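I opened this model to look up its sheets and the surroundings of its ligand. My entries follow in the order in which I went through them.

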Amino acid sequence: MNLPIIKKMEFKIALIGAGSRGTQYSSHALKHGGTKIVAVVDPNEFRRNIAAEKFNIDPKNCFPGVDELLERGVEFDGVINGTMDNMHVKTTLPLLQRGKCVMLEKPMCLNKDELFELYNTTVKYNAKLMVCHVLRYTPFYSAIKQRVVNGEIGEIKHIYASESVANYHMAAAFIRGKWGNSVECGSKILMAKSCHDMDLLTWFKSGVRPVKVSSMGSLFEYKAEKAPEGAGKKCLVDCKIESDCPYSANLNYLKRDDFDVYSWRAILEKGTDLSGKTIPFEEKVKYLKSDDRFGRCVYYLDNDQYDTQNVSVQFEDGSVATFGLDAGTPYGERYIRLEGTKGMIIGQFMKQQFIIRKPKLDLDEKYTEEVVDINCSLDGHGGGDTRIIGDFINLALGNETSISCTSIEDSMYGHLIGFNADISINEERIVRIEKL
Ligand SMILES: NC(=O)c1ccc[n+]([C@@H]2O[C@H](COP(=O)([O-])OP(=O)(O)OC[C@H]3O[C@@H](n4cnc5c(N)ncnc54)[C@H](O)[C@@H]3O)[C@@H](O)[C@H]2O)c1
């Protein structure tokens with residue numbers, strides 16, 4: 001995998017939010033030579049100290065809040081903001097108002113008012129705001145984008161995209177997890193999960209404005225009336241079908257334990273470690289038998305996120321995009337199909353493969369077919385996490401950036417599609433998308 005080339009050899013980063021994503025991005029940042037994490041902001045002292053130790057940050061530059069960072073006059077060239085969705089605006093605005101360059105996790109914010117506040121502040125203070133649209137940075141999607149930019153399939157008439165969220169992922173992040181209840185976390189699943197996909201739609205159509213959107217969706221499965229016969233309220237306490245259930249807490253959190261930062265969050269936030277791997281087994285069992293969400297049946301919780309949703313978008317040139325989100329599938333996958341005036345591209349993300357078909361003016365064969373295999377590990381969003389940081393550094397330094405780095409306007413339109421799609425469901429109407 002080629003990393004973006006960075007010309008200046010020193011780049012100082014302030015990390016805001018030393019949680020899971022913020023720490024991961026900071027580690028990826030260090031893969032680019034000359035980069036240093038010089039300050040950390042997190043109200044959680046334990047996490048702040050872990051980050052300080054991990055990144056060798058001077059204790060004088062560790063703060064509980066962004067205001068303190070700014071008041072102390074610490075020098076830095078860019079910011080990684082890895083706070084949770086509902087903290088993004090509060091922690092980013094003061095930085096933008098100082099003209100800083102901020103890399104902000106997705107979704108940028110919780111609603112359209114906050115979105116415009118971020119955008120207007122970025123423009124007013126001539127700051128730079130880059131959203132962590134990591135899919136754009138994966139070799140898979142950036143190779144497809146390059147073919148589109150090369151004009152190989154002509155103008156895009158229709159984009160079909162879909163995301164399937166695996167059952168274990170849906171349970172850990174949404175039904176039982178911190179995005180389980182949209183009122184509490186502030187984000188609907190479309191923006192919390194498929195924000196990346198909304199972004200891909202506008203990125204592939206970059207420069208062409210989306211003008212209207214409609215959406216339908218529902219919580220189809222994870223509710224009491226869909227509970228299978230024999231299901232109890234708690235997997236380890238009263239469930240008769242636990243050993244046959246893909247949502248079993250025993251299977252997912254004791255045996256597999258893939259989503260440890262989510263499942264053991266309540267324990268981790270008390271401050272013993274960043275990973276759940278070191279928590280004693282007996283403590284985990286006790287915890288799953290308690291009233292905590294992770295030991296409870298996925299059919300009997302207060303989750304309200306949709307597990308099925310579609311989104312239809314029309315762009316100003318008449319082209320359209322269709323997106324489908326399905327949660328609870330056997331594995332996580334993304335498909336993309338771009339129908340152009342001169343050809344089509346069909347891609348399957350987890351297979352890391354796409355096919356380009358173009359018309360062939362031949363009597364026997366009516367089209368050509370090229371199969372492109374992306375030989376890349378899927379770790380860190382298929383290499384996207386490291387590449388996005390490289391581009392962020394280049395953006396902050398005013399260096400040339402890659403085709404994955406587009407304007408804040410594209411990010412805005414992707415977010416506007418998502419927020420307006422949820423309005424479309426609530427108000428049962430097609431919604432016009434605001435013009436920037
Ligand atoms: N790009 C992706 O694919 C992807 C994947 C997962 C999560 N995310 C996004 O990343 C963000 C962070 O998620 P996470 O799971 O890493 O969260 P996390 O809870 O692990 O980390 C958030 C950190 O922010 C800290 N914090 C809270 N208030 C703060 C403040 N005022 N100032 C500074 N720090 C503060 C918390 O103490 C915590 O350490 C979310 O917006 C989430 O949607 C993106």
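Before listing sheets I fixed the term: I count two strands as paired if DSSP finds at least two bridges between them. The model is a predicted one.

**Entry 1, the parallel sheet.** I traced an open sheet of 6 strands, with parallel pairing and the order β3-β2-β1-β4-β5-β6. At its edges I found β3 (62-63) and β6 (128-131), each of which pairs on one side only. I then looked up β1 and β4: β1 covers residues 11-16, β4 covers residues 78-81, and the two pair in the parallel sense over 4 bridges. For Ala14 I noted Val79 in β4 as the bridge partner.

Next I checked the helix on these strands. Helix α4 (residues 88-96) lies across β1, β4, β5 (101-104) and β6. Relative to β5, α4 runs at about 165 degrees.

**Entry 2, the ligand.** Which residues come nearest to the ligand? I listed Arg21, Asp42, Asp85, Lys178 and His381, out of the 27 residues around it. By class, I recorded the shell as 10 nonpolar, 10 polar and 7 charged residues.

I asked which helices supply at least two residues each to this shell. Both α1 (20-29) and α4 do, so for α4 I have a second role to log beside its place across β1, β4, β5 and β6. The most comes from α1, with 3 residues.Then I went through contacts to oxygen atoms of the ligand. A polar side-chain atom of Asp85 lies 2.6 Å from one such atom. For Thr83, a backbone N or O atom lies 3.3 Å from an oxygen atom of the ligand. For Lys106, a polar backbone atom is 3.1 Å from a ligand oxygen atom. I also noted the areas: taken alone the ligand exposes 860 Å², and the protein buries 87% of that.

**Entry 3, the mixed sheet.** I traced another open sheet, of 9 strands with mixed pairing, in the order β14-β13-β12-β11-β7-β10-β9-β8-β15. Its edge strands are β14 (367-373) and β15 (431-432), and each pairs on one side only.

How many bridges join β8 to β9? I found 8, between β8 (residues 210-218) and β9 (residues 308-315), which run antiparallel. In β9, Ser312 is the bridge partner of Ser214.

Last, I looked up the helix packed on this sheet. Helix α18 (residues 408-427) touches β8, β9 and β15. I noted that the direction of α18 makes about 50 degrees with that of β8.

Key
Residues numbered from 1 in each chain as written. Predicted model: local features only at pLDDT ≥ 70, side-chain atom pairs only at ≥ 80, totals over all residues. Heavy atoms only, no water. Contact = heavy atoms within 4.5 Å. Axes fitted to C-alpha atoms, helices over the stretch in contact; angles between N-to-C directions. Near = heavy atom within 4 Å. Polar contact = N/O pair within 3.5 Å; in protein donor to acceptor, adjacent residues only side chain to side chain. Areas by Shrake-Rupley, 256 points an atom, 1.4 Å probe, with all protein chains shown as cover. Nonpolar A, V, L, I, M, F, W, Y, C, P; charged D, E, K, R; others polar.
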